[in-house]
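Here are a few exercises to help you find your way around a new structure. Have a go at each task before you read its solution.

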Amino acid sequence: MAATITKKIIHGIYDDEVPLLEACKKLKTAGIKIKDVFTPFPIHGIDPIVGVPRTRLAICAFIYGLTGLGLATLMMWYMMVSDWPTDVGGKPNWAYYFNIPAFIPITFESTVFCAGHGMALTYLLRCMLIPGASAKNPDPRTTNDKFMIYLELNDEQAHKADAILRSAGASEVNYKGTVTEKLAY
Amino acid sequence: MSNLNFTFPQKVKTFTYALMAIGVVSIIAAFIFDKPVFEDEHYHHTRAWANILVGSFFFMAIGLAAAFFLGLQYAAESGWSTTVKRVIEAVAWYLPWGLSFMMLMFLLGQFGVHHLYAFFDKDLMNSEPSLKAKMGYFGWFWWLRTILYMVGWVYFTNKLRKNSVDADSAEPNDHSLHWKNVKLGAWFMVLFAVTSSTSSWDWLMSIDIHWFSTLFGWYVFSGMWISAIISMILITVYLRKLGYLEFVTESTIHDLGKWMFAISFLWTYLYFSQFMLYWYADIPEEIVYFQQRWENYKALMWTVFFINFAFPMIMLMSRDSKRNFWFLTFVGFVIFVGHYLDIVMMVMPGTVGKHWTGLGWMEIGTFLGFLGLFIHVVFTNLSKRALLVKNHPFLGESLHHSI
């Protein structure tokens with residue numbers, strides 16, 4: 001039987017982003033892990049404080065771009081050179097490199113298309129924002145004028161975090177039940 | 001707040017004088033060594049003159065593009081650039097110097113001292129029906145346009161700068177001058193949209209008198225824009241190293257780096273678009289422009305293309321490279337030289353033509369001379385005003401800019 005641990009879910013609600021950032025910094029110094037932060041608008045500079053790792057979406061974009069470039073080249077090579085060599089405007093396609101300037105616009109568009117769509121789809125799938133997905137926002141007021149720190153902590157840490165949240169100026173600290181986690185070995 | 005009054009360091013001043021001296025010496029030497037060509041009656045020290053034109057235009061264009069960028073920041077009501085506004089203004093105010101050099105070149109051309117522009121030569125223009133038909137566009141109409149560009153650009157740039165410095169001494173929270181500048185900036189965009197294209201046709205494309213391209217203006221514009229952005233980056237990074245401008249956040253320089261990256265692609269896009277259309281159509285009267293470059297300037301043509309396209313693409317793609325200022329400075333300087341060579345490629349084939357012997361000390365010396373003057377003028381401009389604007393509605397946003 002796997003050992004489990006029960007954690008409290010805590011919502012620290014703020015009316016402004018400045019005390020929220022302050023609370024995040026204090027929690028971090030106290031060694032408390034911030035599970036998530038919900039805000040009505042993006043707050044600049046919050047990522048390193050909350051400890052969000054740097055996005056790897058750019059790497060994906062690069063790979064999708066290369067894929068688009070390759071697909072376009074393959075397609076045009078097959079159509080224009082291999083399958084049915086065409087002579088457009090006195091420029092016979094005996095080899096791909098002969099008329100490479102003509103192929104560049106399509107290569108470019110395909111690269112951009114694949115990188116753009118691939119990135120958007122990856123983002124949506126990674127966030128599980130698929131059709132029919134239910135909203136995962138634990139407090140809908142954060143889409144309006146409230147700022148929230150979302151914590152999942154054991155009793156001892158929850159006690160510490162409660163004091164920190166309030167001292168930084170939280171307008172509410174709500175306990176929203178518990179969550180059971182498997183312990184990692 | 002840190003020291004807002006920049007003093008032009010004596011060391012740099014001496015350095016710029018040295019550069020200017022190199023420039024003057026190499027221009028004089030160019031006139032001595034660049035002898036008339038026996039079999040070409042139109043070749044009279046053409047390479048020396050063409051070099052002066054390249055230097056005049058390239059640095060004038062930097063001032064112009066900085067003025068454009070300044071107007072753009074106002075028209076777009078953007079906040080991030082507020083902390084570097086004084087740097088943009090200082091670069092923009094090289095414009096009168098650059099335009100003076102251009103005017104000097106035009107006057108010398110008009111009076112037949114040099115033969116860079118075919119349209120100043122009445123006999124030549126009358127010798128061919130196709131050129132004769134173009135005389136309506138040149139002649140007095142050309143001069144009218146040239147004067148209009150110069151007066152218009154200097155008027156707007158001066159007004160934008162004057163309002164900006166007057167706002168410093170205005171009542172706190174009185175932003176009326178800023179909103180005036182927003183309007184001015186928007187009108188300058190309108191003027192610039194038309195004149196940036198037409199001026200490049202009049203001043204550069206007309207060198208290849210038989211050839212025409214509607215895309216040429218944007219191609220020149222993208223080149224001058226990136227050169228201006230690079231000069232802003234280099235100056236900002238250097239001033240930070242001297243201990244000024246520490247209120248400019250790393251994110252602001254990162255943003256300028258993004259501009260450098262983005263406009264490199266704008267340039268590539270336009271350069272290639274222009275090339276591809278002519279390559280595809282392959283009409284003799286149009287392809288002549290590229291044929292000339294392909295035959296006598298092939299190495300330089302490829303160099304320009306790779307420095308200005310592949311180099312920034314590989315070097316500036318990652319985020320870290322744009323936040324490492326030594327790296328940014330290095331890449332910026334290489335692209336800066338690349339765009340100077342781009343102007344060389346626009347001017348030389350139509351003037352020096354097949355007498356070109358490859359890049360030499362004449363090009364390097366003239367470049368250094370104009371560079372010295374440019375640095376000297378811009379740093380003098382910087383030392384005349386506080387390095388940070390006061391009373392700007394977006395100042396707070398810019399001081400806390402973070403991406």
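**Exercise 1.** Find which residues Pro36(B) touches, not counting residues up to four places away in sequence, and decide whether Pro36(B) is buried or exposed.

*Solution.* Keep in mind that you're looking at a predicted model.
- Step one: leaving out residues up to four places away in sequence, Pro36(B) touches Tyr43(B) and His44(B).
- Step two: place the residue. Pro36(B) sits in the loop that runs between α1 (10-33) and α2 of chain B.
- Step three: check its surroundings. The cut-off for exposed is 12 or fewer other C-beta atoms within 10 Å. Pro36(B) has 11 C-beta neighbours inside 10 Å, so it counts as exposed.
- Step four: look further off. From Pro36(B) to Leu388(B) it's 52 Å, C-alpha to C-alpha, with their positions 352 residues apart in sequence.

**Exercise 2.** Work out whether Asn173(B) is buried or exposed, then do likewise for Leu245(B).

*Solution.*
- Step one: Asn173(B) belongs to the loop between α7 (140-168) and α8 (176-203) of chain B. Its phi is near 65°, a positive value in a residue other than glycine.
- Step two: just 7 other C-beta atoms lie within 10 Å of Asn173(B), so this residue is exposed.
- Step three: Leu245(B) is in the loop between α9 (216-241) and α10 (250-281) of chain B. Leu245(B) isn't a glycine, yet has a positive phi of about 55°.
- Step four: buried takes 20 or more neighbours. Leu245(B) has 26 C-beta neighbours inside 10 Å, so it counts as buried.

**Exercise 3.** Say how helix α1 (residues 17-29) and helix α5 (residues 155-167) of chain A pack.

*Solution.*
- Step one: the angle is about 150° and the axes are 9 Å apart.
- Step two: over 145 degrees counts as roughly antiparallel, and α1(A) and α5(A) are therefore roughly antiparallel to each other.
- Step three: the crossing of α1(A) past α5(A) is right-handed.
- Step four: on the α1(A) side you'll find Ala23(A), Lys26(A) and Leu27(A), which meet Ala161(A), Ile164(A) and Leu165(A) of α5(A). By class, that contact has 5 nonpolar, no polar and 1 charged residues.

**Exercise 4.** Which helix gives the most to the largest nonpolar core?

*Solution.*
- Step one: the largest nonpolar core has 106 residues, and Phe57(B) and Ile62(B) are among those with the most contacts inside it.
- Step two: helix α2 (residues 46-75) of chain B gives the most to this core, with 19 residues.

Technical notes:
Residues are numbered from 1 along each chain as its sequence is written. Chains are lettered from A and ligands numbered from 1 in the order in which they are written. This is a predicted model: local features need pLDDT of at least 70, side-chain atom pairs count only at pLDDT 80 or more; totals for chains, interfaces and linings use all residues. Axes are lines fitted to C-alpha atoms, for helices over the stretch in contact, and angles run from 0 to 180 degrees between N-to-C directions. Helices (H or I, at least four residues) and strands (E, at least two) are DSSP runs, numbered from the N terminus. Angles under 35 degrees count as roughly parallel, over 145 as roughly antiparallel, 65 to 115 as roughly perpendicular and the rest as oblique. A crossing is left-handed if the near helix is turned anticlockwise from the far one by less than a right angle, and right-handed if clockwise. Two residues are in contact if their C-beta atoms, placed from the backbone, lie within 7 Å. Ala, Val, Leu, Ile, Met, Phe, Trp, Tyr, Cys and Pro count as nonpolar, Asp, Glu, Lys and Arg as charged, and the others, Gly among them, as polar. A nonpolar core is a set of buried Ala, Val, Leu, Ile, Met, Phe, Trp, Tyr and Cys residues joined through C-beta atoms within 7 Å.
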